[in-house]
Amino acid sequence: MRIIRSIAALILIVLVVIYIMEKVENKPEEVIRDDIYLINEKSNLLQSKITPEKTTSSTLTEENIFSWMGKSKQLLLDNLGKPSRVDLSAYGYQWWVYQDISNQYIQFGIDNSEIKIIYTTGEVVGTDSVRVGQSYEAINQQYKFRNKVTYSEGITSYTFRLNEEDLRMRPLVKINEDTFIQFYFDTFTSKLSSIRFLSADILLKHRPYEIEYRGDLPNEPDLSDEEWTKVEKGMEQQIVDITNVMRKLHGKGLLGWEESVSNVAYHHSKDMAENNYFSHYSLNGDGLKERLEVENVFYTAAGENIAAQYPDAPAAMQGWLNSEGHREALFNNEYTHIGVGVYRFYYTQNFLGKDI
């Protein structure tokens, strides 16, 4: 009888282990090209559209940004006025974008009239105790970054597992029962480059880290083609905005928007997604030079950054910032214009230098 009970107990343990192993969710592989496609070619000018400078209330620089979590969109309107624009996200919430392109940029994610996520970068933004530009060491001393962060709700539990790269570039901290901070660091300077506050349910939708869980995960985004088009257009503009804020902070000139180059970038992102490849070169062997020639785009210099499987535009921007080749493109003094194309979770960023 004892032998039978021992065998039964052993079988139960094995089943539990199998269940736990089946419930480990690997994050989608986020990829960027380590090489940057560069072109230098003398040519004529094109007309371009310069992204207008947008301003917002000085209240943004005076408030603790975290204090807006959980507040209503009406309160946001009452205090900050109308946003520069409203973008649809891939996860059901809206991004309300407030910016002063000269020094700061903030996206408030609103779900069911409540602020559930905030992304911010630029000068004089952060919380009472943390500001963009602070060192990794100082913030780590305060928050004690860990490679495992746990969240529980009833019998459901989730453990976010961070690898070494995650800890260096985007450590996660739980600051109350269901709210988290992602600290985005510039690994070349070891300083905080941007901050993201988000609720637990939004974090689970994004899945930026490997997850070990007991229970269920939210469903993947299931959008119509029309909804995806709105999401993609919003992410394209976000990438342009954040690029210009980053360039401003690094003493570089702002980039003007180039519609024809945006079309080139979009078609490359779509081609990569639909044909399941990831490269600066199309399946027919064409590179950026050939793609620009098809659209009769003229330039003195050109470059391209690509990324895939990042959960949104701010996350893709952080990946480019922390890759040497892509960083060089972001802060290249030769470039004067930009075009961005996003298709689903594939991102292409094209830069142009033009005689102006």
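This report walks through the overall build, the aromatic pairs, one buried histidine and the cavities of the structure above.

Let's start with the big picture. What you are looking at is a predicted model. The protein has 356 residues, and 52% of them count as buried. Along the chain there are 11 helices and 17 strands. If you take the contacts with a separation of 6 or more, 67% of them come from residues 24 or more positions apart. On the outside, about 16600 Å² is exposed, with carbon and sulfur atoms supplying 48% of that.

Now for the aromatic rings. Searching the whole structure turns up 20 aromatic pairs. One of them is Tyr-136 with Phe-185: the ring centres sit 4.7 Å apart and the planes meet at 55°, so this pair is tilted. Tyr-136 belongs to helix 4 (residues 136–143) and Phe-185 to strand 11 (residues 179–186), so the two rings tie together parts that are 49 residues apart in sequence. Phe-185 has a relative accessible area of 1%, so this residue is buried.

Phe-145 and Phe-183 make another tilted pair, at 5.8 Å centre to centre and with 45° between the planes. Here Phe-145 comes from the loop between helix 4 and strand 8 (148–153), while Phe-183 is in strand 11, and the two are 38 residues apart. Both of these phenylalanines, Phe-145 and Phe-183, are buried. There is also an aromatic cluster, made up of Tyr-91, Tyr-93, Trp-95, Trp-228 and Phe-345.

Next, a look at His-268, which you'll find in helix 8 (residues 259–275). Its relative accessibility is 1%, so His-268 counts as buried. Leaving aside residues up to four places away in sequence, His-268 touches several others, including Tyr-277, His-280, Arg-291, Glu-304 and Thr-348.

Finally, the empty spaces. Two cavities of 30 Å³ or more show up in a search of the whole structure. Here they are side by side:

| Cavity | Volume | Lining residues by class |
|---|---|---|
| Largest cavity | about 60 Å³ | eight nonpolar, three polar, one charged |
| Second largest cavity | about 30 Å³ | four nonpolar, two polar, two charged |

Which residues line the largest cavity? Among them are Leu-88, Ser-89, Tyr-91, Tyr-93, Trp-95, His-206, Met-235, Pro-311 and Asp-312. Helix 7 (residues 225–249) gives the most to this lining, with three residues. The second largest cavity is lined by Arg-170, Gln-182, Tyr-184, Arg-196, His-206, Pro-208, Pro-311 and Ala-315. His-206 and Pro-311 appear in both linings.

Technical notes: Residues numbered from 1 in each chain as written. Predicted model: local features only at pLDDT ≥ 70, side-chain atom pairs only at ≥ 80, totals over all residues. Heavy atoms only, no water. 1 Å grid on protein atoms, 1.4 Å probe; cavity = no way out; pocket = protein on both sides within 12 Å on 5 of 7 lines; lining within 4 Å. Points joined across faces, edges and corners; volume = space filled by probe spheres on them. Helix = DSSP H or I, 4+ residues; strand = E, 2+ residues; numbered from the N terminus. Nonpolar A, V, L, I, M, F, W, Y, C, P; charged D, E, K, R; others polar. Buried < 20%, exposed > 50% of the residue type's maximum accessible area, 1.4 Å probe, protein only. Contact = heavy atoms within 4.5 Å. Areas by Shrake-Rupley, 256 points an atom, 1.4 Å probe, with all protein chains shown as cover. Phe/Tyr/Trp six-rings, centres within 6.5 Å; stacked < 30°, edge-to-face > 60°.
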